[in-house]
Amino acid sequence: QVQLEESGGGLVQAGGSLRLSCAASGRIFSINNMGWYRQAPGKQRELVAGITSGGGTNYADSVKGRLSISRDSAKNTVYLKMNSLKTEETADYYCNVVGTNGFGIPVGYWGQGTQVTVSS
């Protein structure tokens with residue numbers, strides 16, 4: 001079993017900042033891609049940012065220049081620093097990890113989500 005422990009969500013005023021963390025633990029042999037998604041009420045889940053094992057990153061166009069994803073591979077942890085937050089970014093934020101198990105089989109996991117509320 002693999003567990004993803006997310007933290008860092010909460011209530012912040014528009015223009016403020018938050019930092020999300022997601023630590024993976026358990027039976028995962030190697031981690032390749034890590035990422036953050038979000039889902040607002042009544043909307044589909046969407047990719048916010050992703051980072052590869054080599055450190056390559058990609059971002060949704062709406063967050064470029066304000067949000068930054070990073071990872072500590074030694075700790076199997078991914079971070080999302082969010083600056084200049086907007087009210088429309090209120091959503092549940094989900095951590096996603098893609099890797100392989102001990103048999104070389106690709107596996108993917110989702111965290112339970114952490115709520116981010118941006119007030120005006």
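## Strands, hairpins and a ring pair

Strand E5 and strand E6 (residues 57-59) run antiparallel and are joined by three bridges. That's one piece of a predicted model, so treat what follows as a tour of a prediction. We'll start with the hairpins, move on to a four-stranded sheet, and finish with some aromatic rings.

**Two hairpins that share E5**

- E5 and E6 make a hairpin with five residues between them, and Gly55 in its turn has a positive phi of about 95°.
- Look for Gly50 in this hairpin: it stands opposite Asn58 in E6.
- E5 (residues 46-51) also runs antiparallel to strand E4 (residues 30-39), and five bridges join the two.
- On that side, Gly50 in E5 has Gly35 opposite it.
- E4 and E5 form a hairpin too, with six residues between them; here the turn holds Gly42, whose positive phi is about 80°.

**The open sheet**

- Four strands make up an open sheet in the order E1-E3-E8-E7, and their pairing is antiparallel.
- Which strands stand at the edges? They are E1 (2-7) and E7 (67-72); each has a single partner strand, so one side of each is left without a neighbour in the sheet.
- Going from one strand to the next, the twist averages 15°.
- What holds a sheet like this together? Strands of a sheet pair through backbone hydrogen bonds, either parallel or antiparallel.
- E7 and strand E8 (residues 77-82) run antiparallel, with six bridges between them.
- To spot one bridge there, find Ile69: its partner in E8 is Leu80.

**The aromatic pair**

- The structure holds one aromatic pair.
- Why does the pair of Tyr37 and Trp110 count as edge-to-face? The ring centres are 4.9 Å apart and the planes stand at 70°, and planes over 60 degrees apart count as edge-to-face.
- The pair links distant parts of the chain, since Tyr37 is in strand E4 and Trp110 is in strand E10 (residues 106-110), 73 residues apart.
- Are these two rings buried or exposed? Tyr37, at 23% relative accessibility, counts as partly exposed, and Trp110, at 43%, counts as partly exposed as well.

**Arginines over rings**

- Trp110 has another visitor: Arg45 lies over its face, at 4.6 Å from the ring centre.
- Elsewhere, Arg19 lies over the face of Tyr79, at 4.1 Å from the ring centre.

Definitions and conventions
Residues numbered from 1 in each chain as written. Predicted model: local features only at pLDDT ≥ 70, side-chain atom pairs only at ≥ 80, totals over all residues. Heavy atoms only, no water. Pairing = 2+ DSSP bridges. Axes fitted to C-alpha atoms, helices over the stretch in contact; angles between N-to-C directions. Phe/Tyr/Trp six-rings, centres within 6.5 Å; stacked < 30°, edge-to-face > 60°. Buried < 20%, exposed > 50% of the residue type's maximum accessible area, 1.4 Å probe, protein only. Lys NZ or Arg CZ within 6 Å of the ring centre and 35° of its normal.
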